[in-house]
Amino acid sequence: MSTTPTQPKKVYIETQGCQMNEYDSSRMADLLGSSHGMVRTHTPDDADVLLLNTCSIREKAQEKVFSELGRWRQMKEKRPELVIGVGGCVASQEGDNIQKRAPFVDVVFGPQTLHRLPKMLDARDSRKITLVDVSFPEIEKFDFLPEPKVEGHKAFVSIMEGCSKYCTFCVVPYTRGEEVSRPFDDVIAEVAHLAAQGVREVTLLGQNVNGYRGAFHDGEICSFAELLRHVAEVPGIGRIRYTTSHPLEFGDDLIAAYADIPQLVSHVHLPVQSGSDNVLAAMKRNHTVADYRQRIQKLMAVRPDMHISSDFIIGFPGETDADFEATMNLIAEIGYDHSYSFIYSKRPGTPAAELPDPTPEADKKQRLHILKERIRQQTQRKTEAMLGKRERLLVERESDRYPGHLIGIAGNTRWVHFPGDAGLIGKFVDVDILEVASINSLLGSAPVIMEA
Ligand code: SAH
Ligand code: F3S
């Protein structure tokens, strides 16, 4: 007698917001794969479990949570066995309120309790009540996650959780808890595991990675600069990125690392938020424009081809025309390559939410428009400046646009199409840049140097 094998259950995970959330979502999928044999599906229609990994950094993101849940409620009315979970920063902030507004939600978990998801789902099955766990159990999370599954040649590695900076506009310290670093051995073991499976490029993740203070097994503390040196020694790791770093802890040791670690890309995301000392002080960023400028100058002395990107908040309460002009001046001076820029969004419970904010919304929109246009021009100029240069690329895949070509990604994140054989995918090649194809893509020669 033959038995029909039972189909694995399917989980659909929708991710809002940042790279940290992307990372957490893939770890949720790994976790439910190893605990319940679930497979990840890319459509909610055939899923047994729907998970929404939420973001609360700005009001718009938060509003999207309940509209998406409204759609999922309709699906659950047709398929009552559907299990719905809400995780991430909105879950962390709202806790029980999620279930009050959306009683059809089965489990609510925070960024630091996602590892408890399998147990919560089981308990939900047997008890039929909504379970809420949005606590911050230190760094327990990583002790309960399976080894990450690898897809492709690039991977994220979380090295720390949370943030203790308490910028006056930001919810992160409240939703993700204070900074906690993963132990050094755990980070290196994860990088080695990834490299052994063919990963060539890692992006180290955290809210302020340069505040990393991970314990070595003897209890000594490892700095971020030291960690980078060890990651670079893992065989196979050809390229290292990290995000995000805070100007305050961008120390000389980190700058020196750029002199000795060739795998560190010549691109750094170093958010300044504003080019005005008044605004920086009101944001409680704890540094001045001059401090920031000095860090960048030192960095450029070590790596003259460094590309710098930033986040900007436009229309922070009390930002004047003169403050905005100071931001525009800094943008021109630093020559930012790109930015993530948004109008200030008032977040309940943060100190800035109490500040008077007289600037009309239309003025803020106008400022944002001016800023984005300037940065767009700078991106274009930096792309054009690559013409005639030799660039190292990590080969990503075949190009759809140019038959017989591959796409490789340069250190500064530009896409380069070049003629080559699919066997090069996942390897590093050096090509000469021949032509600009768009604001962030180029055409290159056949590889001049390639890995064996
Ligand atoms: N740890 C990082 C930033 C994390 S939040 C750092 O120190 O830079 C990511 C970005 O969201 C911030 O850099 C900021 O530009 C933006 N952001 C955070 N809170 C915001 C708010 N209330 N309104 C608008 N943008 C905000
Ligand atoms: Fe937010 Fe400032 Fe930390 S922007 S994540 S409180 S460094």
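**Entry 1: strands E17, E18 and E19**

I looked up the bridge partner of Leu394 in E18 and found Ile409. The model I am reading is a predicted one. The pairing to which I turned next is that of strand E17 (residues 390–398) with E18, which run antiparallel and are joined by 5 bridges. I then examined the connection: E17 and E18 form a hairpin with 6 residues between them. In that turn, Gly404 has a positive phi of about 80°.

I continued to the pairing of E18 with E19, which is antiparallel and comprises 5 bridges. Here I noted that Ile407 has His417 in E19 as its bridge partner. These two strands also form a hairpin, with 4 residues between them. Thr413 takes a positive phi near 75° in this hairpin.

I asked how many residues of strand E18 are buried. For residues 405–410, I recorded 5 of the 6 as buried, so E18 is largely enclosed by the rest of the structure.

**Entry 2: strand E21**

I next followed strand E19 (residues 415–419) to E21, with which it pairs in the parallel sense over 3 bridges. I located one bridge at Trp415, whose partner in E21 is Ser441.

I then checked strand E20 (residues 428–438), which pairs with E21 in the antiparallel sense over 4 bridges. Within this arrangement I found Glu435 opposite Leu443 of E21. I noted further that a hairpin of 2 residues joins E20 to E21.

Which residues of E21 lie on each side of the strand? I listed Ser441 and Leu443 on one side, with Leu442 and Gly444 on the other. I recorded all four as buried, and both faces of E21 (residues 441–444) as covered. I set beside this the general rule that side chains alternate between the two faces of the sheet in a regular strand.

**Entry 3: Ala446**

I moved on to Ala446, which I placed in the loop between E21 and strand E22 (449–450). Is Ala446 buried or partly exposed? I read a relative accessibility of 42%, and Ala446 therefore counts as partly exposed.

Leaving out residues up to four places away in sequence, I found that Ala446 touches Pro419 and Val431. I also compared Ala446 with Leu406: they are 40 residues apart in sequence, and their C-alpha atoms are 9.8 Å apart in space.

**Entry 4: Ser158**

I turned to Ser158 and located it in strand E7 (residues 154–158). Its relative accessible area is 3%, and I therefore entered Ser158 as buried. I found a polar contact of 3.3 Å between the side chains of Ser158 and Glu161. Not counting residues up to four places away in sequence, I listed Tyr23, Phe142, Arg182 and Leu205 as touching Ser158.

**Entry 5: helix H5**

I looked up the buried residues of helix H5 (residues 117–127) and recorded Leu117, Pro118, Met120, Leu121, Ala123 and Arg124. I then asked which elements these buried residues pack against. I found helix H1 (19–36) and four strands: E3 (49–54), E4 (83–87), E5 (107–109) and E6 (131–133).

**Entry 6: ligand 1**

I counted 16 residues around ligand 1, of which Phe169, Gln207, Gln273, Asp311 and Ser345 come nearest. By class, I recorded 6 nonpolar, 6 polar and 4 charged residues in this shell.

I then looked up individual atom pairs. An N or O atom in the side chain of Asp311 is 2.5 Å from an oxygen atom of ligand 1. A polar side-chain atom of Gln273 lies 2.7 Å from an oxygen atom of the ligand. At Ser345 I found a backbone N or O atom 2.7 Å from a nitrogen atom of ligand 1. I noted that the protein covers 90% of the 540 Å² of accessible area that ligand 1 has on its own.

**Entry 7: ligand 2**

I listed the residues around ligand 2, among them Cys163, Cys167, Cys170, His246 and Arg285. Phe169 and Gln207 also belong to this list, and I had already entered both among the nearest residues to ligand 1. I recorded the shell of ligand 2 as 7 nonpolar, 3 polar and 2 charged residues.

**Entry 8: Thr244**

Finally, I placed Thr244 in the loop between strand E13 (239–243) and helix H10 (252–260). Thr244 has 17% relative accessibility and therefore counts as buried. Leaving aside neighbours within four places in sequence, I found Thr244 in contact with residues including Gly206, Gln207, Asn208, His269 and Pro271. Of these, Gln207 and Asn208 also stand around ligand 2.

Conventions
Residues numbered from 1 in each chain as written. Chains lettered and ligands numbered in written order. Predicted model: local features only at pLDDT ≥ 70, side-chain atom pairs only at ≥ 80, totals over all residues. Heavy atoms only, no water. Near = heavy atom within 4 Å. Polar contact = N/O pair within 3.5 Å; in protein donor to acceptor, adjacent residues only side chain to side chain. Areas by Shrake-Rupley, 256 points an atom, 1.4 Å probe, with all protein chains shown as cover. Nonpolar A, V, L, I, M, F, W, Y, C, P; charged D, E, K, R; others polar. Buried < 20%, exposed > 50% of the residue type's maximum accessible area, 1.4 Å probe, protein only. Contact = heavy atoms within 4.5 Å. Pairing = 2+ DSSP bridges.
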